[in-house]
Structure formats: C-alpha cells, structure tokens
Amino acid sequence: GYNAMVSQIQSSPASYRYLGGARTEIMKRMVLVNFNGGSVSSTSFPNNVSQRLPETGQVFRIITTKPSSPADIFTYTAPSVRSGREVQKASARRVGVFPNPYYAGREQETARWRKFVTFNNLPEKVVIRIYTLAGHLVRTLRKDDLSQFLEWDLTNGDYWQVASGIYICHVEMPELGETKVLKLAVIQPQIFPE
C-alpha cells in the first residue's frame with residue numbers, strides 16, 4: 001500500500017516510475033481505486049479488496065520536484081481583444097441552440113408553462129424562422145439588441161406549445177450577410193390539464 005510506495009520513493013527517487021526521468025509527469029492520472037488491498041484485475045474484485053478507502057485521518061504526502069514559493073512570479077499574457085466584421089462572421093459560424101435535444105424540461109425553467117431553448121453566438125440583428133420537417137413555418141423570432149442570446153418559448157405563432165418533433169431553425173443575419181440552418185429536437189413532457 002502507501003507505506004511500500006513511500007519506501008520505494010525514498011530509497012531511489014530518480015528510478016521511481018512516477019518521479020524519475022525527464023519525460024515523466026508528476027502524479028500521472030493517479031486515482032485511488034483500491035487502497036491497501038487486492039488487484040482490480042482479479043475476477044473476484046471488489047470482494048478481494050481488504051480496504052476500499054483510506055482510514056479516517058490518513059495523511060498522504062505528495063512530493064514534487066517543482067515546489068512554489070512566495071518568491072515565484074507568474075506572468076500571463078492574454079491575447080488582445082479583437083473586433084470587426086471578420087470576428088463577427090467567425091462567431092456567426094458558431095451559432096447554436098441549447099439544450100439540443102430539449103428533453104421535457106430543464107433546471108432553468110421556473111414554472112410548468114415556462115419552457116424554452118436558447119440560441120447563442122448571435123450578432124446584434126437576427127431573424128430566426130422555425131419550421132417543421134414538412135416545411136411549415138412555426139414561428140418567426142426577431143432580435144435587435146447587443147445580447148448574444150435569444151430564447152424561444154417553444155410556442156408557435158399563436159402561442160400554443162409546439163409538439164414533440166424535429167424542427168429546422170433558419171438563422172438569418174442580415175447585417176453580416178450570413179445564414180445558418182440548425183436542427184433542433186424537441187421532446188415535450190406529457191401535460192395533464194388542471
């Protein structure tokens with residue numbers, strides 16, 4: 001177990017497989033699956049394990065070859081902010097809708113009748129037309145603000161809740177001369193009248 005590992009490291013740190021050599025990573029993807037016990041490869045696992053977790057109060061020692069000190073100074077350089085038409089066009093290629101699929105609700109919905117999906121990475125002016133797979137227009141949404149988001153309340157033009165199914169969302173960005181077509185799956189919950 002742990003004591004055997006400590007003895008191995010202390011007897012020859014450079015040769016220990018997680019510490020030695022120039023190409024070794026410290027703490028390589030280390031996961032405690034079994035502490036002081038049998039092999040996870042055994043056919044009787046986990047019944048062969050004498051102890052699955054360390055005892056309460058157990059102390060682990062982690063040895064590093066790169067300790068930090070108060071004298072250490074770290075410098076980070078963030079890329080400069082970019083803007084302009086090319087940046088907006090690149091963002092337009094990442095327009096999406098979430099959650100997709102919409103599956104009967106989500107945590108952000110605070111009431112039974114408050115259902116929605118959110119379009120993101122949108123420019124200032126957008127027209128989104130939502131169609132059924134048969135090509136029938138379900139709803140037209142318009143956005144003219146600085147937010148990158150727009151919510152669709154999963155209703156049609158008459159504000160009736162849409163049925164479960166696949167919808168085609170045609171996103172038109174007139175100021176950029178760009179369009180994007182998205183597919184959205186909607187699975188509505190079963191609704192019982194009150």
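The following dialogue explains how to read the strands and salt bridges of this predicted model.

Biologist: What should I know about the numbering and the model before I begin?

Modeller: Residues are numbered from 1 along each chain as its sequence is written, and side-chain values use heavy atoms, with hydrogens and water left out. The model is predicted, so local features need pLDDT of at least 70 and side-chain atom pairs count only at pLDDT 80 or more, whereas totals for chains, interfaces and linings use all residues.

Biologist: Which strands make up the open sheet, and in what order?

Modeller: Helices (H or I, at least four residues) and strands (E, at least two) are DSSP runs, numbered from the N terminus. Two strands pair if DSSP finds at least two bridges between them. Here, an open sheet of 5 strands has the order S2-S8-S7-S4-S5, with mixed pairing. Its edge strands, S2 (102–103) and S5 (137–144), each pair on one side only.

Biologist: How many bridges join S7 to S8?

Modeller: Strand S7 (residues 165–173) is joined to strand S8 (residues 178–187) by 9 bridges, and the two run antiparallel. One bridge pairs Glu 172 with Thr 179 in S8. S7 and S8 form a hairpin with 4 residues between them, and Gly 177 in the turn has a positive phi of about 70°.

Biologist: Do S4 and S2 run parallel or antiparallel to their partners?

Modeller: Strand S4 (residues 125–132) runs antiparallel to S7, with 6 bridges between them; Thr 132 has Tyr 167 as its bridge partner in S7. S2, by contrast, runs parallel to S8 through 2 bridges, and Tyr 102 is partnered by Val 186 in S8.

Biologist: How many salt bridges are counted?

Modeller: Side chains of opposite charge can pair when their charged atoms come close. A salt bridge is a side-chain nitrogen of Lys or Arg within 4 Å of a carboxyl oxygen of Asp or Glu. The count comes to 5 salt bridges. One of them joins Lys 89 and Glu 178 (3.4 Å, N to O). Lys 89 lies in helix H2 (residues 85–92) and Glu 178 in strand S8, so the pair ties together parts that are 89 residues apart in sequence.

Biologist: Are Lys 89 and Glu 178 buried or exposed?

Modeller: Buried means under 20% relative accessible area, exposed over 50%, and partly exposed in between (1.4 Å probe, protein chains only). Lys 89 and Glu 178 are both buried.

Biologist: Where do Arg 129 and Glu 172 lie?

Modeller: The side chains of Arg 129 and Glu 172 meet in a salt bridge (2.9 Å, N to O). Arg 129 is in strand S4 and Glu 172 in strand S7, 43 residues apart. Arg 129 counts as partly exposed at 23% relative accessibility, and Glu 172 as partly exposed at 27%.
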